[in-house]
Structure formats: C-alpha cells, structure tokens
Amino acid sequence: AVVSTQSTGINSEYGELQTYQHYFKRINLRMSELLFSLLVLSLLGSLHASRKLRDVLITVEYRPEVCDLRADDGDKITIEYTGYLESGAEFDSTKLPERGPLNFTLGTNTVIPGLERGIMGMCNGERRKLVIPSHLAYGNQGYRTIPGDSTIFFDVELTRLKKKSVLEKSVAALQFFMFPLTTSLVIFYLWQKMNADEKDSTPASPQGSGKKSRRNRRRG
C-alpha cells in the first residue's frame, strides 16, 4: 500500500510538471508572436513616415540639360537657399553675410524632413521652389521667428554634389537589414535555449523508474 501511494504521488507530480512545461511552451510561443508583431509594426511605422514626406510640393525652376547624377541619401551636397513664410517674410538665407553655403549629407536629419525630401533627385546646378507643410517643418512648436503650424517656402539651388561611394552604400544596406536580422536571431536563440532547458529538466518516466527498481529487487 505504501509503494502504491508513493507511485501515485510520483505520477501526480510528473503530470503537474508536464502541465507546467506545456504552459511555458505556450508562453514562449506567445512571446515570439508578440516580438514578431512589434517588428512588423515598426516597419509599417517607418513606411507611414516615409509616405508623409511626399506632401512636399516641388516646382523645378531650372534643370541643366545634362543631368547624369541626382542627389540621394548618403550623398554629400552643398546648397544655397532662402526660406520665407507665407507672408513673404524671410526667416533664413545663405546669402546673409554671416551665413554661407550649407554643406551636409542627405539622409542624416541635418535639416528638416521637408527640405531633405525637396532636395532628393536634384541635379548639380538645379533650382527648385519648395512648399513644405508644418508637419515636415517645425510642427506646432515653431522655431524662432517661425510661428507654430506654419507652411514654409524655400528657394533652393544645388551647387555641389558628391555621390556616395560603393563602400558607403554597402554599409548603409547592411545597417538597414541588421535590426530585423538581429531580432530574428535573438528570438531563435531564446527559443532554442528554452527547448534545451525543458529537455534537461524533464524527469524520467515514473513507470520506467519503477521497472528498474523491480529489476534491482529481483537481482537482490
């Protein structure tokens, strides 16, 4: 009777352990689904933000007949510009004595998003007029003499264009794919580790241990 009671208790504990393992497997699956959903939402958010940049109104005032190279992300450029409000009041210009041509790399958030969007695709020597809505400029906060929620205007000329090298393009592409790749590898590693831990922690079947004990008693 004592042996039967112990065997029943072991079977009960083994059953509870299997229940816990099944429960943890479900949690592991839910966590993987959650991380995947967050990754998808992040990518969709990036796409939605890029679509907003299309709200910039671009008017080409002059473009050279020969236009082999066009400005793109990662290119080093120099521009001359004048920015003004809807009223016609200027708020900034590279023509001011204390200023000068603006040098920067496209795609590095050096200038407001609307200006970057308006410069994309320009040729060396090209001039454009840009109309930038507030959400791609200074938003509802404004900036210095620019009131909040203001649509601003730019006259822009691209005076120098240095294209991104092949090596820089390769590094940029690697950085773009690094985040989703790293996230996937981390999720896979955690899943493999939890499965390995579950296998190590799984006890031998009570029935199997009972058979071994009976054999040992017979030999004795």
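**Backbone outliers, a buried serine and a pocket**

In this predicted model, Asp149 is placed in the loop between strand S5 (127–132) and strand S6 (152–162). Although Asp149 is a residue other than glycine, its phi is positive, with a value near 60 degrees. Asp149 has a relative accessibility of 54% and therefore counts as exposed, since exposed residues are those over 50%. A positive phi, of about 60 degrees, is also found at Asn109, which is likewise not a glycine. Asn109 belongs to the loop that runs between strand S4 (102–105) and helix H2 (113–119), and with a relative accessible area of 67% Asn109 is exposed.

Ser93, by contrast, lies within a strand, namely S3, which comprises residues 90–93. The relative accessibility of Ser93 is 3%, so that this residue counts as buried, the limit for that class being under 20%. When residues up to four places away in sequence are left out of account, Ser93 touches Tyr81, Thr82 and Arg99. With Thr82 there is a polar contact between the two side chains, at 3.1 Å.

Tyr81 and Arg99, both touched by Ser93, also appear in the lining of the second largest pocket, where they are among the residues nearest its centre, together with Asp92, Tyr138 and Tyr143. The lining of this pocket consists of 15 residues, divided into ten nonpolar, two polar and three charged, and the space within the second largest pocket amounts to about 380 Å³.

Definitions and conventions:
Residues are numbered from 1 along each chain as its sequence is written. This is a predicted model: local features need pLDDT of at least 70, side-chain atom pairs count only at pLDDT 80 or more; totals for chains, interfaces and linings use all residues. Side-chain values use heavy atoms; hydrogens and water are left out. On a 1 Å grid over the protein atoms alone, a cavity is a set of points where a 1.4 Å probe fits but cannot get out, and a pocket is an open set with protein on both sides within 12 Å along at least five of seven lines; lining residues have an atom within 4 Å of a point. Grid points are joined across faces, edges and corners, and a volume is the space filled by probe spheres set on the points. Ala, Val, Leu, Ile, Met, Phe, Trp, Tyr, Cys and Pro count as nonpolar, Asp, Glu, Lys and Arg as charged, and the others, Gly among them, as polar. Helices (H or I, at least four residues) and strands (E, at least two) are DSSP runs, numbered from the N terminus. Buried means under 20% relative accessible area, exposed over 50%, partly exposed in between (1.4 Å probe, protein chains only). A polar contact is a pair of N or O atoms within 3.5 Å; within protein, one must be able to donate a hydrogen and the other to accept it, and residues adjacent in sequence count only if both atoms are side-chain atoms. Contact means heavy atoms within 4.5 Å.
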